[in-house]
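Here are my notes on the model you passed along. Have it open beside you while you read, and go through the points in any order.

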Amino acid sequence: YTDYDAAGNSATCTYTVTVHDNINPTITCPGNYSVFTAAGTCTQSVATANPTTADNCAVIKLAWAMTGATIASSATSGINNVGTQTFNLGITTITYTVNDAAGNSATCSYTVTVMDNINPTITCPGNYNVNVAPGTCSQSVVTTNPATADNCGVTKLTWAMTGATVANSAASGINNIGTYTFNAGITTVTYTAYDANGNTATCSYTVTVYDNIPPTFTYCPSSYAVNVAPGTCTQSVAPLNPTTADNCVVT
C-alpha cells in the first residue's frame with residue numbers, strides 16, 4: 001500500500017497473502033484380480049486398469065509398488081501406471097501413491113491373485129514280468145522311476161502297492177520305489193504326483209512274479225508187500241506220508 005498527503009509526501013507498507021494447499025489428492029484403484037497361471041508357466045500376464053486420480057490443484061506424481069508374490073516398483077518421479085505386467089503365482093499387493101506439488105498424497109491398493117489349476121503330469125514305466133528267485137516265493141525287482149513334470153513344480157511323489165504285495169511310501173517328500181522285493185502274484189503299483197497347490201496326477205503299473213519252480217518230494221515211503229487178512233481178500237495198510245517241499249507252498 002502507498003498513501004499520499006497534499007504536499008506529495010508518501011509512505012508504503014507491504015504484507016503477503018500465502019495460500020497453502022492442504023487438500024490431499026484422491027485416488028481410486030481398480031478392483032482385485034483373480035486369474036489362473038498360463039499353460040506351461042507358473043505366472044500370468046495381467047492387463048491392469050489404471051487408477052483414477054484427481055486433485056484441486058494438479059497431480060504431479062503417481063508411483064506404485066508391488067509386494068508379496070511379485071516384487072517390483074515404478075520410477076520415483078512422473079506419472080507411472082502398472083499396465084500389463086507378468087505376476088508370479090500367489091497374491092501380489094499393488095499400492096499406488098499419488099502426490100501433488102504441495103506434498104499432499106493419497107494411496108490405494110488392490111491385489112492380483114494368480115492361482116495354479118494345472119495338474120502335474122506323470123508317466124509310469126511299463127509292466128514287469130519276472131520269475132521267483134530260486135528257493136524263495138518272491139523276487140527283487142529294480143523298478144524305473146516315473147517321469148514327472150509340473151508348470152510350477154512337483155512337491156510330493158508317493159506310491160502305494162496293492163495285490164500280492166502291500167506297502168506304502170512316506171506321506172511326504174519325493175519317494176521312488178527303486179529296488180523292491182515283490183511277492184509271487186500280481187502287485188499293482190500306483191504313483192501320485194502333487195504340486196504345491198493341491199493339483200494331482202496318478203499312474204499305475206503291475207509287477208507280476210511267476211512261480212516257475214515245481215514242488216519236490218523230500219521223502220517218499222517204500223513199496224509195501226502184505227498178505228490178505230484171514231477170511232478176506234483185502235488188507236488194511238497204514239502207509240507213511242510222503243514229505244513235500246515248495247519254494248512257495250504245496251497246495
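1. A word on naming before we start: helices (H or I, at least four residues) and strands (E, at least two) are DSSP runs, numbered from the N terminus. Residues are counted from 1 along each chain as its sequence is written. Please keep in mind that this is a predicted model, where local features need pLDDT of at least 70, side-chain atom pairs count only at pLDDT 80 or more, and totals for chains, interfaces and linings use all residues, while side-chain values use heavy atoms, with hydrogens and water left out.

2. Let's take D116 to begin with. D116 sits in the loop between β11 and β12 (121–123). D116 is buried but has no salt bridge, and K156, the nearest side chain of opposite charge, is 15 Å away. Some cut-offs for that: buried means under 20% relative accessible area, exposed over 50%, and partly exposed in between (1.4 Å probe, protein chains only). A salt bridge needs a side-chain nitrogen of Lys or Arg within 4 Å of a carboxyl oxygen of Asp or Glu. For charge, Lys and Arg count as positive and Asp and Glu as negative, with His and the chain ends not counted.

3. So what does the side chain of D116 make a polar contact with? The partner is the side chain of N197, at 3.2 Å. A polar contact here is a pair of N or O atoms within 3.5 Å; within protein, one must be able to donate a hydrogen and the other to accept it, and residues adjacent in sequence count only if both atoms are side-chain atoms.

4. N197 also turns up with another acid, D195. D195 belongs to strand β19 and is likewise buried without a salt bridge, K156 being the nearest side chain of opposite charge at 10 Å. The D195 side chain reaches the backbone nitrogen of N197 at 2.9 Å, and that of G198 at 3.2 Å.

5. Now the sheet that holds β19. This is an open sheet of 5 strands in the order β13-β20-β19-β16-β17, with mixed pairing. Why is one side of β13 (128–131) and of β17 (167–168) left without a neighbour in the sheet? Both stand at the edges and each has a single partner strand, so there is nothing on the other side. Two strands pair if DSSP finds at least two bridges between them. β19 (residues 185–195) and β20 (residues 200–210) run antiparallel and are joined by 10 bridges, with T187 opposite V207 in β20.

6. There is another open sheet of 5 strands, ordered β4-β11-β10-β7-β8, and its pairing is mixed too. Its edge strands, β4 (33–36) and β8 (72–73), each pair on one side only. β4 runs parallel to β11 (residues 105–115), with 4 bridges between them; V35 has V114 as its bridge partner in β11.

7. On to the surface. Y219, Y224, V226, V237 and L240 make up a nonpolar patch with about 460 Å² of accessible area together. Patches take residues with over 30% relative accessible area and no salt bridge, joining like charges within 9 Å and nonpolar side chains (Val, Leu, Ile, Met, Phe, Trp, Tyr) within 5 Å. The areas come from the Shrake-Rupley method with a 1.4 Å probe, and for residues, only the protein chains shown count as cover. One of the patch members, L240, lies in the loop between β21 (216–219) and β22 (243–245).

8. Some single residues to click on. T12, in strand β2 (residues 10–12), counts as exposed at 60% relative accessibility; T12 and T2 are 10 residues apart in sequence and 4.2 Å apart in space, C-alpha to C-alpha. C13 follows in the loop between β2 and β3 (26–28) and is partly exposed, with a relative accessible area of 45%.

9. Is P51 buried or exposed? P51 counts as buried, at 11% relative accessibility, and is found in the loop between β5 (43–47) and β6 (52–54). I71, in the loop between β7 (59–68) and β8, counts as exposed at 72%.
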